[in-house]
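Subject: Structure handover

Hello,

Please find the structure below, with the sequence beside it. My notes on what was found come after it.

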Amino acid sequence: VKDMSIVLDVAHNPPAMEYLVRKLKVTFPGRSFRFIVGMSADKDLHSCAEMLLGATSADAIHLVQAAHPRAAKLEAMLEAEPRLRESFRDESDRSITQQISLAMPLAKKRDEVLVVCGSVFLMAEAREALGFNEPRDSSVISEVAGAHLRHGQEVYGNTTLESSDICPNPSDVIPS
């Protein structure tokens, strides 16, 4: 991470992507960009891809698929914008960690700004892959919030808990 410019941004829809690209060009004039991007399935994948392709070539874009039920599949991103077929991706390991390990040396060698963007569901894993050593929720909180997923903060819904899941014997805690 030393001697590199890295930007993490949760731009995940066309107006936000457009703003991100404009801001990058103003903040880093004359620099080239390498993007790592993953989106939610319910977003305008085509328009977001067009914004990125207006800032760089497809071979400087790395596609990822967040470990989240709402994540757009790689196939959907490729179908939405066929020019992305020239992008980096790994069908067997769709993780952001994998693409960061591929993108960082390329960006460093070519003096590119590395930009991780798209779904908020990518950011915890991205920060971990970039070496940020941050406090994590306790295993109990992660278990309840994340339904046993690696990055508990990536799951916000679709979890039903019975009182017995949280406290196996409520009468031990709650006076009658």
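The notes go from the chain as a whole to single elements and then to single residues.

This is a predicted model, in which local features need pLDDT of at least 70 and side-chain atom pairs count only at pLDDT 80 or more, while totals for chains, interfaces and linings use all residues. Residues are numbered from 1 along each chain as its sequence is written, and side-chain values use heavy atoms, with hydrogens and water left out.

The whole chain

The protein chain has seven helices and four strands. Helices (H or I, at least four residues) and strands (E, at least two) are DSSP runs, numbered from the N terminus. In sequence order the pattern is β-α-β-α-β-α-α-β-α-α-α. Of the 176 residues in the protein chain, 40% are buried. Buried means under 20% relative accessible area, exposed means over 50%, and partly exposed lies in between (1.4 Å probe, protein chains only). If one takes the contacts between residues at least 6 apart in sequence, 71% of them join residues at least 24 apart; a contact means heavy atoms within 4.5 Å.

Helix 4

Helix 4 covers residues 96–109, which is 14 residues. From first C-alpha to last it reaches 20 Å, close to the 20 Å expected at 1.5 Å a residue; the expected span is 1.5 Å times one less than the number of residues. Helix 4 bends by about 25 degrees at Ala103, and Pro105 follows within four residues. The bend at a residue is the angle between axes fitted to the seven residues ending there and the seven starting there.

Which residues of helix 4 are buried? They are Ile96, Gln99, Ile100, Ala103, Met104, Leu106 and Ala107, so Ala103 is both a buried residue and the site of the bend. The cover over these buried residues includes strand 2 (33–38), strand 3 (61–63), strand 4 (113–118) and helix 5 (123–129).

After helix 4 comes Asp111, in the loop that leads to strand 4. Asp111 has a positive phi of about 55 degrees although it is not a glycine. Most residues other than glycine have a negative phi.

Helix 2 and helix 1

In helix 2 (residues 45–53), the buried residues are Leu45, Ser47, Cys48, Ala49, Leu52 and Leu53. They pack against helix 1, strand 2, strand 3, helix 3 and strand 4. Glu18 belongs to helix 1 (residues 14–27) and is partly exposed, with a relative accessible area of 38%. Glu18 and Met51 are 33 residues apart along the chain, and 5.9 Å separates their C-alpha atoms.

The loops on either side of helix 3

Gln65 is in the loop between strand 3 and helix 3. Gln65 counts as buried because its relative accessibility is 17%. Its side chain reaches the backbone nitrogen of Leu74 at 3.2 Å, and a polar contact of 2.7 Å joins the side chains of Gln65 and Arg94. A polar contact is a pair of N or O atoms within 3.5 Å; within protein, one must be able to donate a hydrogen and the other to accept it, and residues adjacent in sequence count only if both atoms are side-chain atoms. Leaving out residues up to four places away in sequence, Gln65 touches Ala71, Ala72, Lys73, Leu74 and Arg94.

The loop between helix 3 (74–80) and helix 4 holds Ser87, and Pro82 is in the loop between helix 3 and helix 4 too. Are these two residues buried or partly exposed? Ser87 counts as buried, at 8% relative accessibility, whereas Pro82 is partly exposed at 48%. The side chain of Ser87 reaches the backbone oxygen of Leu84 at 2.5 Å. Beyond its neighbours within four places in sequence, Ser87 is in contact with Ala58, Ile61 and Leu63. Pro82 lies 9.1 Å from His46, C-alpha to C-alpha, with their positions 36 residues apart in sequence.Aromatic rings

Rings of Phe, Tyr and Trp (its six-membered ring) pair if their centres lie within 6.5 Å; planes under 30 degrees apart count as stacked, over 60 as edge-to-face and the rest as tilted. The count comes to one aromatic pair. This is the tilted pair of Phe33 and Phe35, at 6.3 Å centre to centre and 45 degrees between the planes. Both Phe33 and Phe35 are buried.

Regards
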